[in-house]
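Student: I have just opened this entry. Can we go through it by question and answer?

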Amino acid sequence: MIRPVVVLLALFTLLLGVAYPAAVTGIAHVVLPAEAKGSLVTVEGRVVGSELVGQPFSEERYFWPRPSASTPGYDGLASGGSNLGPTSPELLASVRERVERLRATNPDEGPVPIDLVTASGSGLDPHVSPAAALYQVARVARARGLPPGRVRDLVLASVESPVLGLFGSPRVNVLRLNIALDGMDRR
């Protein structure tokens, strides 16, 4: 009775634990090679991040991402939401603190977009809404000594459309936007 169980366990382990993942990985490397390797972003031959995982940017000369819910921040191994509900005193305190920081560095910009003060479900979202990116234009332009209109145009050019025009919302990849911003400085 034990022998068929052990044989089936070994067979399914090889089939579902080795052969199937190897086949899917091989197909992915052929069909979508960049995505299969983690959607890594390189600048001048050096990997600077991934299009799929948020990164911390805190200098005023850069656009800031959504807050991270992972501990430590932006840790891909600790992905997940905070699980704090809308009436949580801890969540309200952290949102108030973030709003105060944003208003201090972006005066006269109006209401703070919600995605700049709340983390995404994964806590690692690499995107912000176009409104969140536009909210930061004056601060970034001032810190870099660039005309706000030029920085605004860069943000608008960086807006990604919903997938197939249907799925998701317009969004801006913060890493890609900051790389383009550094490219403006070099020009």
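**A contact to start from**

Tutor: The side chain of histidine 127 makes a polar contact with the side chain of glutamate 160, at 3.4 Å. Keep in mind that this is a predicted model.

Student: Is histidine 127 buried or exposed?

Tutor: Buried means under 20% relative accessible area. Histidine 127 has a relative accessible area of 17%, so the residue counts as buried.

Student: In which strand is the place of histidine 127?

Tutor: Look at residues 127–128. They form a strand, and histidine 127 has its place there. The strand is S3.

Student: Which residues is histidine 127 in contact with, leaving aside neighbours within four places in sequence?

Tutor: Glutamate 160 is one of them. The full set is Glu51, Arg66, Glu160, Arg171, Val172 and Asn173.

Student: How many Å separate the C-alpha atoms of proline 126 and glycine 54?

Tutor: Proline 126 lies in the loop between H3 and S3. Along the chain, proline 126 and glycine 54 are 72 residues apart. Proline 126 also touches Gly54, among others. Their C-alpha atoms are separated by 3.7 Å.

Student: Why does proline 126 count as buried?

Tutor: The cut-off for buried is under 20% relative accessible area. Proline 126 counts as buried because its relative accessibility is 9%.

Student: Which side chains of strand S1 point to one face and are buried?

Tutor: Side chains alternate along S1, residues 40–43. Leu40 and Thr42 point to the other face and are not buried. The buried pair is Val41 and Val43.

Student: What is the bridge partner of valine 41 in S2?

Tutor: S1 and S2 run antiparallel, joined by 4 bridges. S2 covers residues 46–50. Within S2, the partner of valine 41 is glycine 49.

Student: Which residue in the hairpin of S1 and S2 takes a positive phi?

Tutor: The hairpin has 2 residues between the strands. One residue of the hairpin has a positive phi near 50 degrees. That residue is glutamate 44.

Student: Why is serine 68 called buried?

Tutor: Serine 68 sits in the loop between S2 and helix H3. Its contacts include Tyr74 and Leu124. Buried means under 20% relative accessible area. Serine 68 is buried because its value is 15%.

Student: Which residue just after H5 takes a positive phi?

Tutor: H5 spans residues 137–144, and its buried residues include Val140 and Arg144. Just after H5, phi is positive, at about 70 degrees, in glycine 145.

Definitions and conventions. Residues numbered from 1 in each chain as written. Predicted model: local features only at pLDDT ≥ 70, side-chain atom pairs only at ≥ 80, totals over all residues. Heavy atoms only, no water. Buried < 20%, exposed > 50% of the residue type's maximum accessible area, 1.4 Å probe, protein only. Pairing = 2+ DSSP bridges. Polar contact = N/O pair within 3.5 Å; in protein donor to acceptor, adjacent residues only side chain to side chain. Contact = heavy atoms within 4.5 Å.
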